[in-house]
Amino acid sequence: MHKNASPALEQEFEHEPVPLSHRHSTRSVSAVWFGFPMILTNALFGGIITWHLGFWPALVAILLGNLVLFAYVGALSWFAGRTGMNFALQAKRTFGTKGYILVSGFLSTVVIGWYAFQTGLTGTVINQTFGWNALAVTAFSMVLYTAVTFLGVRALSLLGMIAAPLFVVLGLVALWLVGQQHDFSAVTQWKGAPSAAGAMSMGTAVTMVIAGFADSGTMTADFTRWSKDGRSAVIAAFSAFPLANVISYLFGVVIVAVGAAVDPVNNGGNFLSLLMGHGALLSTVACLFVFINLGSVCTHCLYNGAVGFSHLFNSKMRVWTLILGAVGGLLALAGVWSYFLEWLSLLGMVVPPFGAVMIVDLIFMASFSEQRAPQRMRGSAFAGWAIGSVCAIVTHLAFPQLGEAVVGLLTAALSYTAIIKLRGAKTLRTLEEKNA
């Protein structure tokens, strides 16, 4: 059955590990991840961080956030490449054969929220930049992004190979245009806007970097399970964090630091407007860039959600691509996408603790988890997640300067480890008492 599958519509292995015979090259899997962070949103965030902190502190925050992402996504990717298991299969082992439904269902819903947000944003950006009808563009985007995702992970890889170079080229063109009127020698001297002094801490900036890919980063196995082995999967993760992610942030950093940003408080280092008014050719390329760039985000999120829901309902990825593509698209058309950002960011705080518990369970405690009999609901895993999430939320509300994302990751990992160790010690004492 595998051999007769169409190369364009190959099996997606929603319910089983990807067999070695169907794994992809390191280059192909890396292209999936490398193209994902090459987005205008990152240039926007990079600029906002720079506006508040200054050039050098912004670089430190961006690098620290990416190192955390690499350790986090890299670990989950290594396990995915070694086993071929998607996120749902991994979550089933850690949270239980029924418990995983809560985890996978939650994250799959969150990423569809991001898909709806970015699809609606496509219509808005095109409308503001070129004056086209926002609803018509959003509807077209919904159809386009759903169609690309329907083709499967190979289409995502191809899109990444186009999106990443195009982002770099147009970013460099924007910087060249900026250089006609601004002096780049003063970039490193930017200390941050006086009006923004003290409004953002280093911890908040690091959290902003981590939160940008907390959801899909946790579900990285859906992409990196296609790697030939764990090492290739880690290379694919590295291509995104720190490589592609840092590059995309840097464009925003430089544009704000040199003083060329348009509305840096809200628009950060978004350089799209800088490309306008320089001829029909550049404007046309910039228009295509919006669809390719935001389309890269939308297709990845839709793919994550479709793989997750297909496993939950024992169905096919492509069936759920059509369902979720339509549902998310309708939410975008209804305009409710504009209300998503705040609650999606809030939910982002409670997502990394899921991954932290899975890393400890599947990698650092592999000798236990591999021998453990399947359980319907693993309370210890949910307890570790809950402690990490509560600590992240408390940090967000009371001590944002500490960085809630990092606090959530560490406390979830440590608390789950402590719970398992204490439970193991208690079991050992019980056995000794029975044998006494």
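How many salt bridges does the structure hold? I began my notebook with this question, keeping in mind that I am reading a predicted model, and my count came to five salt bridges.

**Entry: glutamate 12 and arginine 318**

I looked up the pair formed by glutamate 12 and arginine 318, whose side chains meet in a salt bridge with an N to O distance of 3.5 Å. Glutamate 12 sits in the segment before α1 (26-35) and arginine 318 in helix α14 (residues 317-334), so this salt bridge ties together parts that lie 306 residues apart in sequence. I then checked how much of each partner is accessible: glutamate 12 is buried, with a relative accessible area of 2%, and arginine 318, at 14% relative accessibility, counts as buried too.

**Entry: aspartate 361 and its two arginines**

Next I turned to aspartate 361, whose side chain meets that of arginine 372 in a salt bridge of 3.0 Å, N to O. I noted that this pair links distant parts of the chain, with arginine 372 in the loop between α17 (366-369) and α18 (379-398) and aspartate 361 in helix α16 (residues 352-364), 11 residues apart. Arginine 372 is partly exposed, at a relative accessible area of 23%, whereas aspartate 361 has a relative accessibility of 1% and counts as buried.

I also found a salt bridge between the side chains of aspartate 361 and arginine 378, here at 3.9 Å, N to O. Since aspartate 361 belongs to helix α16 and arginine 378 to the loop between α17 and α18, the pair ties together parts that are 17 residues apart in sequence. For arginine 378 I wrote down a relative accessibility of 5%, which means that this residue counts as buried, the cut-off being under 20%.

Where salt bridges share partners, I also recorded one network, which joins Glu12, Arg225 and Arg318.

**Entry: helix α4**

Why is helix α4 (residues 87-95) described as largely enclosed by the rest of the structure? I went through its residues and found that seven of the nine are buried, and therefore the helix is largely enclosed. The buried residues I listed in α4 are Phe87, Ala88, Leu89, Gln90, Ala91, Thr94 and Phe95. At the N-terminal end of α4 I found a cap provided by asparagine 86, which has a side-chain oxygen 3.2 Å from the backbone nitrogen of alanine 88. After α4 comes glycine 96, for which I noted a positive phi, near 105°.

**Entry: a nonpolar surface patch**

Which residues make the nonpolar surface patch of about 330 Å²? I identified them as Val60, Leu64, Leu67 and Met202, and I noted that helix α3 (residues 55-83) supplies the largest share of the patch, namely three residues. Methionine 202, by contrast, has its place in helix α8 (residues 202-211), and I recorded this residue as partly exposed, with a relative accessible area of 32%.

**Entry: helix α11**

I looked up two places in helix α11 (residues 230-257), one of them being serine 232. At 6% relative accessibility, serine 232 counts as buried, and when I set aside its neighbours within four places in sequence, I found serine 232 in contact with Thr26 and Ser227. The other place is proline 242, which is also found in helix α11, and which is joined to phenylalanine 241 by a cis peptide bond with omega about 15°. I marked this bond for a second look because most peptide bonds are trans.

**Entry: positive phi outside glycine**

Is aspartate 263 positive or negative in phi? I read a positive phi of about 55° for aspartate 263, although this residue is not a glycine. Aspartate 263 has its place in the loop between α11 and α12 (264-267), where I noted it as partly exposed, with a relative accessible area of 40%.

I found asparagine 314 likewise to have a positive phi, about 50°, although it is not a glycine. Asparagine 314 is in the loop between α13 (280-312) and α14, and with a relative accessible area of 65% I entered this residue as exposed.

Note on methods. Residues are numbered from 1 along each chain as its sequence is written. This is a predicted model: local features need pLDDT of at least 70, side-chain atom pairs count only at pLDDT 80 or more; totals for chains, interfaces and linings use all residues. Side-chain values use heavy atoms; hydrogens and water are left out. Helices (H or I, at least four residues) and strands (E, at least two) are DSSP runs, numbered from the N terminus. Buried means under 20% relative accessible area, exposed over 50%, partly exposed in between (1.4 Å probe, protein chains only). Contact means heavy atoms within 4.5 Å. Patches are made of residues with over 30% relative accessible area and no salt bridge: like charges are joined within 9 Å, nonpolar side chains (Val, Leu, Ile, Met, Phe, Trp, Tyr) within 5 Å. Accessible areas come from the Shrake-Rupley method with a 1.4 Å probe; for residues, only the protein chains shown count as cover. A salt bridge is a side-chain nitrogen of Lys or Arg within 4 Å of a carboxyl oxygen of Asp or Glu. A polar contact is a pair of N or O atoms within 3.5 Å; within protein, one must be able to donate a hydrogen and the other to accept it, and residues adjacent in sequence count only if both atoms are side-chain atoms.
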